[in-house]
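Please open the model in a viewer and keep the selection tool at hand. The tour proceeds by selection, with a short account at each stop.

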Amino acid sequence: MNGMNFATVEKTIQAMKEDHSQKIKSWQAKVTWKTGVKNVVQIRDFAPIIMDEPQPLGGSDEGANPVEMLIGTAGSCFAITFEVLASQQGIHLDSVEVIVDADLNAAVFLGLEEGEGGIINPTIHLHAKTSASKKQIEEIANIALQKSPVLASMKSDLQLEIRE
């Protein structure tokens with residue numbers, strides 16, 4: 001349904017039921033500094049992603065900055081979760097668009113003041129054309145907010161390991 005391979009997902013679910021060690025999936029991203037505040041991110045065998053800052057924050061603006069990538073990743077994970085949940089309910093998707101708006105206090109980032117250093121006022125805007133009613137869309141979207149792994153991760157404490 002909606003281009004998703006549920007047969008493969010079902011095999012994964014069955015494998016997890018049979019072997020509980022299968023439920024934990026490990027991921028890795030390698031970040032390599034290039035110059036200034038420009039880094040290259042390598043994930044699996046995909047094309048490298050350049051991350052940089054805009055010129056007012058000391059960068060050369062050769063790629064999206066980490067905050068933009070974070071809100072883009074959050075929006076994408078929310079969209080995927082919404083799409084999977086809707087498809088599991090047999091809802092046909094014509095189009096799904098998610099826009100994430102968020103603010104950042106750059107003065108905290110630059111050390112000019114104390115305060116909330118993360119994104120503030122994040123808002124997810126969902127525009128979905130589907131076979132579902134508005135009420136169904138709202139219900140699925142609210143579940144997606146709770147089940148999205150990236151959104152859940154943004155609320156958890158990070159651990160830091162320093163390697164030499």
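The stops below concern a predicted model and cover a helix pair, salt bridges, a surface patch and a residue in a helix.

**Stop 1: two helices**

Select residues 66-88, which form helix H2, together with residues 134-147, which form helix H4. The axes of the two helices come within 9 Å, and the crossing angle is roughly 130 degrees. Because of that angle, H2 is oblique to H4; oblique here covers angles outside the ranges under 35, 65 to 115 and over 145 degrees. The crossing of H2 and H4 is right-handed.

**Stop 2: a salt bridge within H4**

Keep helix H4 displayed and show the side chains of Lys-135 and Glu-139, both of which lie in this helix. The two residues are four apart, about one turn of the helix. Their side chains meet in a salt bridge, with an N to O distance of 3.8 Å. Lys-135 counts as exposed because its relative accessibility is 57%, and the cut-off for exposed is over 50%. Glu-139 has 41% relative accessibility and therefore counts as partly exposed.

**Stop 3: a salt bridge between distant parts of the chain**

How many salt bridges does the rule yield? The count comes to two. For the other stop of this kind, select Glu-62 and Lys-38, whose side chains meet in a salt bridge at 3.0 Å, N to O. This pair links distant parts of the chain, as the residues are 24 apart. Glu-62 is in the loop between strand S3 (49-51) and H2, whereas Lys-38 is in strand S2, residues 38-42. Is Lys-38 buried or exposed? Lys-38 is buried, because its relative accessible area is 16% and buried means under 20%. Glu-62, with a relative accessible area of 45%, is partly exposed.

**Stop 4: a nonpolar surface patch**

Select Leu-104, Phe-109, Leu-110 and Leu-112, and switch on the molecular surface. These residues form a nonpolar patch on the surface, and together they have about 410 Å² of accessible area. Within the selection, centre on Leu-110, which is in the loop between helix H3 (106-109) and strand S5 (119-130). Leu-110 has 48% relative accessibility, so this residue counts as partly exposed.

**Stop 5: Ala-152**

Finally, select Ala-152, located in helix H5, residues 149-153. Its relative accessible area of 36% makes Ala-152 partly exposed. Add Ile-140 and draw a distance between the C-alpha atoms: the separation is 16 Å, for residues 12 apart along the chain.

Technical notes: Residues numbered from 1 in each chain as written. Predicted model: local features only at pLDDT ≥ 70, side-chain atom pairs only at ≥ 80, totals over all residues. Heavy atoms only, no water. Patch = residues over 30% accessible without salt bridge, like charges linked within 9 Å, V, L, I, M, F, W, Y side chains within 5 Å. Areas by Shrake-Rupley, 256 points an atom, 1.4 Å probe, with all protein chains shown as cover. Salt bridge = Lys/Arg side-chain N within 4 Å of Asp/Glu carboxyl O. Buried < 20%, exposed > 50% of the residue type's maximum accessible area, 1.4 Å probe, protein only. Axes fitted to C-alpha atoms, helices over the stretch in contact; angles between N-to-C directions. Left-handed = near helix turned anticlockwise from the far one by under 90°.
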